[in-house]
Amino acid sequence: KQLQRSLKEKTALLQEVHHRVGNNLQTISSFVSLKSIHSPSEEVQTYLEDINDRIMGIAAIHNSMYEQQRFLDLELLQHLQTVWNNSFQIIHGGHDIDISGDAVFIDINRALPLSLVVSELFSNSLHHAFDGQKGSMELRLRDLDGSLSIHYRDDGKGYNEEDLRGGLGKVGLTLMKNLVERQLKGSIRFYNQGGANAEIVL
C-alpha cells in the first residue's frame with residue numbers, strides 16, 4: 001500500500017509539473033506572438049517569430065516526452081514526428097515533410113539538445129527557404145552500428161554562402177553547431193545541394 005501510494009503521489013506530481021511547464025511555455029509564446037504582431041519592424045517580427053518557434057519546439061519536446069511516458073530514453077523517430085506535429089504542423093501545414101528511417105532509442109539527455117537542433121532546422125527552412133512558396137523537407141534517420149546519422153534537406157533556396165564561408169555567423173546555424181559539437185560531442189555539416197542540407201553524426 002505504501003508503494004502504491006508513493007507511485008500515485010509521484011504520478012500526480014509529474015502531471016502537475018507537466019501542466020505547469022506547458023502553461024508557462026504557452027504564456028511566454030503568447031506574449032512573444034503579441035509583441036510580434038504589434039511590432040512596426042518586419043525584421044523584428046521575423047526575429048520574434050524565430051524565437052517563438054524555438055519556444056514551441058521546447059514545448060513540443062516536453063509534450064512528446066510526456067505522451068510516450070518515457071523519461072530515461074525516447075523512440076527518436078516517433079518523437080521527432082511529434083515535435084513537427086505539435087510545434088509546426090498547425091501554422092506551417094501547407095508544406096510537405098517526410099520524416100523516416102530506423103527506429104532508434106536515445107537517452108533523454110541527448111534527445112533534448114538533438115530535438116532542439118531538429119526544431120531549428122525545421123524553423124530555418126520554414127522562415128527562410130521558400131519565400132512564401134510551398135516547399136518540401138526530408139529527414140532521414142539511420143542507425144549505423146552504434147552511430148546515429150541524421151540527414152536533413154529542404155528544396156528551398158539554400159543557405160547563404162557567406163554564412164557557410166564566414167564561420168556560421170547566423171544565430172540559428174551557430175546554435176545548432178554548438179549544441180551538436182559541445183553538448184552531443186558529434187559533428188554537423190551544412191551545405192547546399194538542391195536546397196539546404198544538414199548532416200549530423202553522433
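Me: Which residue in the turn of the hairpin formed by β4 and β5 has a positive phi?
Reply: In this predicted model, local features need pLDDT of at least 70, side-chain atom pairs count only at pLDDT 80 or more, and totals for chains, interfaces and linings use all residues. Residues are numbered from 1 along each chain as its sequence is written, and side-chain values use heavy atoms, with hydrogens and water left out. Strands here are DSSP runs of E of at least two residues, and helices runs of H or I of at least four, numbered from the N terminus. Two residues lie between β4 and β5 in the hairpin, and the turn residue with a positive phi, about 50°, is D145.

Me: How many bridges join β4 to β5?
Reply: Strands count as paired if DSSP finds at least two bridges between them. S147 in β5 is the bridge partner of L144. β5 covers residues 147–154 and runs antiparallel to β4, and the number of bridges joining them is eight.

Me: Which residue in β4 is the bridge partner of I97?
Reply: β2 (residues 96–101) pairs with β4 (residues 136–144) in the parallel sense, over six bridges. Within β4, the partner of I97 is M137.

Me: Which element gives the most to the largest nonpolar core?
Reply: A nonpolar core is a set of buried Ala, Val, Leu, Ile, Met, Phe, Trp, Tyr and Cys residues joined through side-chain atoms within 4.5 Å, where buried means under 20% relative accessible area with a 1.4 Å probe, protein chains only. The largest has 41 residues, and L114, L121 and I200 are among those that touch the most other members. Elements supplying at least two residues each include α2, β4 and β7. With eight residues, the element giving the most is α4.

Conventions:
Buried means under 20% relative accessible area, exposed over 50%, partly exposed in between (1.4 Å probe, protein chains only).
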